[in-house]
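Subject: A structure for you to explore

Hi there,

Here is the structure I promised to pass on to you. Have a look at it first, and then read my notes below.

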Amino acid sequence: MLINNTKEELNCSANDFQKLLSSQKDVSLSFKESNLLAVLKLFGSVEIKEASIDIKYKPLKIQQAQSIQQQGKRPTQFQLDVKFTVPGANIVGICVTKDNRLFMCNNAGSSLFVMSDKGKPLATIQMKGRQWGIALEEDSNTAWVTLPDTQHVQTIDIVTMKKGRLIKVPHACYGIAIIDDQLAVGGDGKIYIISKSGDLQKTLDVENYSVHSISVGHKQNLYYAQADIGISKLKYIGLDGTVAIVSAEDTRSVIGVQSDRMGNVYFLEYQASSMKLFSIKDKSLKTILTTQDGLHKPYGFAFSRDLSKLFVSNYSAGELLVFLCN
């Protein structure tokens, strides 16, 4: 509140200052020499001249640090950097902060794990049961975590590591994503659009299987993964409920999905232990990681904010693989 009030005062001051600058004059004194015949009576006169001052003014908005538009960088090459275990955990949902802290959902117990990107334990947060999906809203220091057993979404302050309010979901919940000021939560054959205050806005119908992962793509379309279907197609659903097939090629047991704003889609096939990339440019599917790269029944994955690292969880082994991206 103080910052907002101060911002208004600064804007007013800036406007006043700009008006003051435009009204300023450059005042100079010059001596006008008189006629030599009258020098004994008059030395001359002092003349005042005014001229506008050309002062460059930059409004506060321009003086603030401007956001840099992220380029369309799309990693296609990956090199294993480090691998570490999370004891007693089956890691599903993963999110990565700007400073590369990992928040990892544990489907084997009530402990949500926070670790560095090198595997150093930083914190353990006791939740109300198993966790599945997680979505990060770093501007407000908030993570949103789904709790399938209790049918709730719970907030976590990623700075203080304290749990926040619980939001009730109509049924079991798995994947989660943030779309504008709302939450998209995956259930059994449903995707619930819920306000951050907990009000159900709408329900989107998909195939009658659990929605394990959700990602917001171009034009606010929701890409979703339903691993229990087996053989399927890569799809998204619009907020109007329209389902569209993205690729003509089959996918198998897709457990995790992430799309960028251009429409490229990364996804995990957990039965085949592979990671694939759908390219919006040529509409092709390309396998980019396999068992030879260390994948074994992967359930969750996440990129670092600068896309320099990829984190993949081997579910039953309790492992996390960290790849360097190019």
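Let me start with the aromatic rings. A search of the whole structure, which is a predicted model, turns up 7 aromatic pairs. Take W132 and Y174: their ring centres lie 5.6 Å apart and their planes meet at 85°, so this pair counts as edge-to-face. The two residues come from distant parts of the chain, 42 residues apart. W132 sits in the loop between β7 (121–126) and β8 (134–137), while Y174 sits in the loop between β11 (163–168) and β12 (176–179). Are these two buried or exposed? Both W132 and Y174 are buried. They also belong to a cluster, in which ring pairs link W132, Y174, Y270, Y299 and Y315.

Now step back to the whole protein chain. You will find 2 helices and 26 strands in it. Of its 326 residues, 46% are buried. The chain exposes about 17700 Å², and carbon and sulfur atoms supply 51% of that area. If you look at contacts between residues at least 6 apart in sequence, 41% of them join residues at least 24 apart.

With so many strands to choose from, here are two places to practise on.

The first is an open sheet of 4 strands in the order β4-β5-β6-β7, with antiparallel pairing. Why do β4 and β7 each have one side without a neighbour in the sheet? β4 (91–96) and β7 stand at the edges and each has a single partner strand, so one side of each is left free of a neighbour there. From one strand to the next, the twist averages 20°. Zoom in on β6 (residues 111–116), which pairs with β7 in the antiparallel sense over 5 bridges. F113 stands opposite T124 of β7.

The second is a hairpin made by β16 and β17, with 5 residues between the two strands. In its turn, K219 has a positive phi of about 60°. β16 (residues 213–216) and β17 (residues 222–225) run antiparallel and are joined by 4 bridges. One pair to look for is S215 with its bridge partner in β17, Y223.

Which way do the side chains of β16 point? S213 and S215 point one way, I214 and V216 point the other way, and all of them are buried. As a rule, side chains in a regular strand alternate between the two faces of the sheet.

Have fun turning it around on your screen!

Best wishes

Definitions and conventions. Residues numbered from 1 in each chain as written. Predicted model: local features only at pLDDT ≥ 70, side-chain atom pairs only at ≥ 80, totals over all residues. Heavy atoms only, no water. Buried < 20%, exposed > 50% of the residue type's maximum accessible area, 1.4 Å probe, protein only. Contact = heavy atoms within 4.5 Å. Areas by Shrake-Rupley, 256 points an atom, 1.4 Å probe, with all protein chains shown as cover. Phe/Tyr/Trp six-rings, centres within 6.5 Å; stacked < 30°, edge-to-face > 60°. Pairing = 2+ DSSP bridges. Axes fitted to C-alpha atoms, helices over the stretch in contact; angles between N-to-C directions.
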